[in-house]
Amino acid sequence: MNPIVYHHGPEETAVHRTTGRVVKLDLRNLEQPETYEVLDPSYHCRSCLAGDQLSPSLVNLTNLRYLDVSVNNFSGIRIPTFLGLLKDLRYLNLSDAGFVGEVPRHLGNLSHLRYLDIGFSSSNYIPIDNNLTSNDVGWVAKLSSLETLSLSRVDLSGAQDGFRIINMLPLLKTLDLENCRLVVPHLLHVNFASLSSLKLGFNQFLNPTLPPWLRNLTGLQDLDLSYNNLDDKVHDTFRQMTSLANLDLGRNHFDTSTLRSICNISSLTSLDMSDNELQGSIPSEIGQFPQLTVLKLSKNRLNDTTPSSLWQLTKLQGLYIGANALTGELSEHHFAKLKELKRLDISDNLFSLHVSSSWVPPFQLQYIWMGSVKIGPRFPNWLRTQKEIVELNMYNASISDAIPGWFGVLSNDTGGIILSGNKLEGSLNSFISVADVDKKFVQMWYLLLNHNHFTGSIPEELCKLRTLIYLDLSNNHLSGRIPLCLGNLRYLSFLHLGSNSLYGQIPGSLGNLGELISLQLSKNRFDGKLPPSMQNLKRLQFLDLGENRIADTIPAWIGERLSDLEFLTLQSNNFHGGISNTLCQLPYLQVLNLAHNDLSGSIPHCFKNFTAMESTKPGTFQFSKSSYLDPLLRNFKAGIELEYLKNVEYVKSISLSGNNLVGEIPDEIMGLVGLQNLNLSKNHLNGRIPKNIGNLKQLETLDLSMNELRGEIPPSLSSIYPLSSLNLSYNKLSGPIPSGNQLQTLNDPSIYEGNIGLCGKPLLNSCPANESPTENGPVLDDKGHSEFDFSWFYAGFGPGFSVGVVGVVGILQFKQSWRYALFRCVENGYDRIWVMIGLKTSRLRRNFH
């Protein structure tokens, strides 16, 4: 690419009136792309400057005082060292331009600089990462004229004494060190006492208590200390900051006393104390903020009813009090004075909203978060008056109603709708047609209508929502086939259609969804084979096709092409054949569920390659880490979503039960020390339980029942302390049951029933004295007799029963070996009958489904 010197367009090149020399070069990109463009991984900014270098000819502009190349795309190149030669510069802005590498110390030569910004703004519309570092910020100390310094998201973790060096700049008025991985020492005082704006969020303070020098910054107007695990033991740090307008203390350890002390600062226009340790009632002093426009108190432990003073903050534009334990009935009079309100979050409290059907709110809301607030049973009629809605979140709101015809009045820019967990009725066809997708919802990011009572088919009009990232229609009563056109939603990352009555083959068009991370189609009636096009879903991490009627072998391409898979669930289908060794090519796999199919062959030894199961560390599949799903976070935590979503990244499980697997349990599985669940029941596995099963220290459930396992129960099993569910029934195990540790708490005899050779607690038959664990050979009695020695006894027992029953019973009183043989005979027959019944029932259930 050609070097860039200047760019014609909306940018500005200023020339000195007298000398005719260039003094100002403003090349800042002003493009704000559409939302769907930013989401497109192939998106390229059309107006961004780019190139493999900045032209060194810039140094010829010796009178240049102002240079701005921000919000462009120089991704992959370093900040040029020759910029240090532009010694007349007063203003230099390189932010959001995609520069990488070490910040050159040559910038320290710009001794006249008053403004320097090389950071990265979280509000930037252009998706360009900032990968700048500075391991030595000594050059900053030379910029003694600096009034504004922004190093936001520049990695300063390697810069020793970085904060002390920056503290040497006496004229600083604005300092932005947000998310720099900076260690902030506990200084007694600072030199930049003239600061009006200070951002230190997402760093690390050596002392968790607020530093005393903050009290000296009485001229501060903006202060950001978020995400630093700070507290305020004295509760007076902010009392003297009478000029504060914006204060962000989110995600720290501040308590209600700190909030009360802040209430004296009448100049505040924005206060964020979300995700702290506020508890008890919201202080009534909260009404002492006459200028407050934004109040964030979400994710605390606040309870009781809201104070009346809260609803007197007439200039509020954003009110966030969600995820607490606040109670009470909210009515029309609570909102009567909030005419400026644009964003309202009251989700996940114990509120109920009681307003008349004719209520016309005094505000026009853009963001409505009312999840888990009792709003129903009727669909809220007041929404009809809200013409500017961008996000609507009313999950679990006790609404039992049909979507009304006027719902299509929502604005053109609706970003997402969440109505999950209600009892909404009717057809999705009417919902979508009413919404007029051609004009209204073309830029919708997410649509969650799961856990409702919608009926009918999935309308093809959904395919017009071309910017959808998340579509969840699961747990409804939908029928019909998946529309082929869903494969046109190229930004879709999450597609959940499970727990409906959909049928037919999974359409091959879904293979076009190259951005798909999660595909959940379980509990439907899909049949046929898996479409080969699914191997194109290379970003897929979560695949759940369980409880359908799919008849196929497990395709080799699952292991060969879907290398990012962390969750694979194919249970309760008609998969047949062996378990392909190619599955072992999934190192990130945490959950493998192939239960209740018709799989045969042995368990692959290469399961040892499931690297993620060898670790107790969490995986990467965390919904809350998806930035575009932030508004949905509490939706998942509320527990109305799929059962997988609760701490899903920590789950490690293998389930192969209900198949026709043979052979021994591979010792290699015992190396998967992160496993929490292992279920190999209802197969034809033989051999011994591996002696080193005690290596699975994280195991919570273990089910090896209804197999043909022999030998003793390994003593190491008793060392698995988390084990809370155990089933070894209906095998051919023998010898004493290990005692001690966790096994003592598992005292249900049914755990071991159907193993005629086992003895000891919790079974009723105690072990003979000095009996050691038995081998695979026949079980011996106390006299050394084999149970086969009594075959004559079994043969003669029936014909002589009616005549000799009294005599035999008498003999049994004295002959211990006969007693054992009789009881084993009866118990063995009983076990065989139950195993046959269990297998028949399992097959019938599988065929029925």
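The following conversation concerns the sheets and cysteines of a predicted model.

Colleague: How many disulfides does a search of the whole structure find?
Modeller: The search finds three. One of them joins Cys463 to Cys485, with an S to S distance of 1.9 Å.

Colleague: Which parts does the pair Cys463 and Cys485 tie together?
Modeller: Cys463 belongs to the loop between β28 (453-456) and β29 (470-472), while Cys485 belongs to the loop between β30 and β31 (494-496), so the link ties together parts that are 22 residues apart in sequence.

Colleague: Are Cys463 and Cys485 buried or exposed?
Modeller: Both Cys463 and Cys485 are buried. Their link is right-handed, with 65° about the S-S bond.

Colleague: And what does Cys584 join?
Modeller: A disulfide connects Cys584 to Cys606, at 2.0 Å from S to S. This link is right-handed, with 65° about the S-S bond. Cys584 lies in the loop between β38 and β39 (591-593), and Cys606 lies in the loop between β40 (598-602) and α6 (633-637), so this disulfide ties together parts that are 22 residues apart in sequence.

Colleague: Buried or exposed, in the case of Cys584 and Cys606?
Modeller: Cys584 is buried, and Cys606 is buried as well.

Colleague: Which cysteine does Cys759 pair with in a disulfide?
Modeller: Cys759 is joined to Cys767, with 2.0 Å from S to S. The link of Cys759 and Cys767 is right-handed, with 100° about the S-S bond.

Colleague: What is the relative accessibility of Cys767, and how does that count?
Modeller: Cys767 has 26% relative accessibility and therefore counts as partly exposed, since the partly exposed class lies between the 20% and 50% cut-offs. Its partner Cys759 has a relative accessible area of 4% and is therefore buried.

Colleague: Turning to the strands, where does Cys759 have a bridge partner?
Modeller: Cys759 is in β49, where it is the bridge partner of Pro736. Strand β48 (residues 732-736) and β49 run parallel and are joined by three bridges.

Colleague: What is the order of strands in the sheet that holds β48 and β49?
Modeller: That open sheet has seven strands in the order β38-β40-β42-β44-β46-β48-β49, and the pairing is parallel. Its edge strands are β38 (576-578) and β49 (757-759), each of which pairs on one side only. On average, neighbouring strands of this sheet are turned by 20° against each other, direction ignored.

Colleague: What about the open sheet of six strands?
Modeller: Its order is β26-β28-β30-β32-β34-β36, with parallel pairing. β26 (425-427) and β36 (549-550) stand at the edges with a single partner strand each, so one side of each has no neighbour in the sheet.

Colleague: How many bridges pair β30 with β32?
Modeller: Two bridges pair strand β30 (residues 477-480) with strand β32 (residues 501-505) in the parallel sense. Gly480 has Leu502 in β32 as its bridge partner.

Colleague: Back to cysteines: are Cys180 and Cys263 buried or exposed?
Modeller: Cys180 has a relative accessible area of 0% and is therefore buried. Cys263, at 1% relative accessibility, also counts as buried, because the cut-off for buried is under 20%.

How values were computed
Residues numbered from 1 in each chain as written. Predicted model: local features only at pLDDT ≥ 70, side-chain atom pairs only at ≥ 80, totals over all residues. Heavy atoms only, no water. Pairing = 2+ DSSP bridges. Helix = DSSP H or I, 4+ residues; strand = E, 2+ residues; numbered from the N terminus. Axes fitted to C-alpha atoms, helices over the stretch in contact; angles between N-to-C directions. Disulfide = S-S within 2.5 Å. Buried < 20%, exposed > 50% of the residue type's maximum accessible area, 1.4 Å probe, protein only.
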